[in-house]
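Please open the model in your viewer, show the backbone as a cartoon, and keep the selection tool at hand. The stops below go from single residues out to the whole chain.

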Amino acid sequence: MNATVVVILALAVGTYAFRLVGPVLHGRVTVPTRVQERASAGAVVLLVALLATGALTEGGGFAGWARPAGVLVAVLLAWRRAPFVVVVVGAAATTALLRVAGVA
């Protein structure tokens, strides 16, 4: 068997095992509240880091000011509970207008 096939099968089995553990252990293991809070905080930190990386960098360097401005507009619109389409169009329009105006 090819090494690539073995790696793919191992990843498939591992993924299935992770998905199976939740329902199997649901009533048997209790996670302390403090651990649940830290896991939630960790998830938020990872999402913010992903957002910052995607918004501020491109090709290993700074992406320019237009993209972070668009992301900021999207965050503000989402915070104000605007519909998803309005958030996306607002961010895209902000970024596009700034790029047309010459802001990189």
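Begin by selecting Ala52, which you will find in helix α2. This is a predicted model, and every value along the tour is computed from its coordinates. With a relative accessible area of 33%, Ala52 counts as partly exposed, because that class lies between the cut-offs of under 20% for buried and over 50% for exposed. Keep Ala52 selected and add Pro68, which lies 16 residues away along the chain; a distance drawn between the two C-alpha atoms should read 8.6 Å.

Next, move to Val31, which sits in the loop between α1 and α2, the latter helix spanning 33–56. Val31 is likewise partly exposed, its relative accessible area being 41%.

Val31 also leads to the next selection, since it belongs to a nonpolar surface patch of about 670 Å². To display the patch, select Tyr16, Leu20, Val21, Val24, Leu25, Val29, Val31 and Val35 together. Which helix gives the largest share of this nonpolar patch? If you colour helix α1, residues 3–25, you will see that it supplies five of the patch residues, the largest share.

Now clear the selection and colour the protein chain by secondary structure, which should bring up four helices and two strands. Followed from the N terminus, these elements come in the order α-α-β-β-α-α. The radius of gyration of the protein chain is 21 Å, whereas the globule rule gives 13 Å for 104 residues, so the chain is more spread out than a compact globule. If you draw a box along the principal axes, the C-alpha atoms fill roughly 55 × 45 × 25 Å.

With the whole chain still in view, switch on the molecular surface, of which about 8400 Å² is exposed, with carbon and sulfur atoms supplying 73% of that area. Buried residues account for 11% of the 104 residues in the protein chain. If you list the contacts between residues at least 6 apart in sequence, 39% of them join residues at least 24 apart.

As a last stop, colour the chain by pLDDT, for which the protein chain averages 92, with 100% of the residues scoring at least 70. Among the elements, select strand β1, residues 57–58, for the lowest mean pLDDT, 88, and then helix α4, residues 84–100, for the highest, 96. As a general caution, predicted coordinates should not be read in detail where pLDDT is low.

Technical notes: Residues are numbered from 1 along each chain as its sequence is written. This is a predicted model: local features need pLDDT of at least 70, side-chain atom pairs count only at pLDDT 80 or more; totals for chains, interfaces and linings use all residues. Side-chain values use heavy atoms; hydrogens and water are left out. pLDDT is the predictor's confidence in each residue, from 0 to 100. The radius of gyration is taken over C-alpha atoms; the globule rule is 2.2 Å times the number of residues to the power 0.38. Buried means under 20% relative accessible area, exposed over 50%, partly exposed in between (1.4 Å probe, protein chains only). Contact means heavy atoms within 4.5 Å. Accessible areas come from the Shrake-Rupley method with a 1.4 Å probe; for residues, only the protein chains shown count as cover. Patches are made of residues with over 30% relative accessible area and no salt bridge: like charges are joined within 9 Å, nonpolar side chains (Val, Leu, Ile, Met, Phe, Trp, Tyr) within 5 Å. A salt bridge is a side-chain nitrogen of Lys or Arg within 4 Å of a carboxyl oxygen of Asp or Glu.
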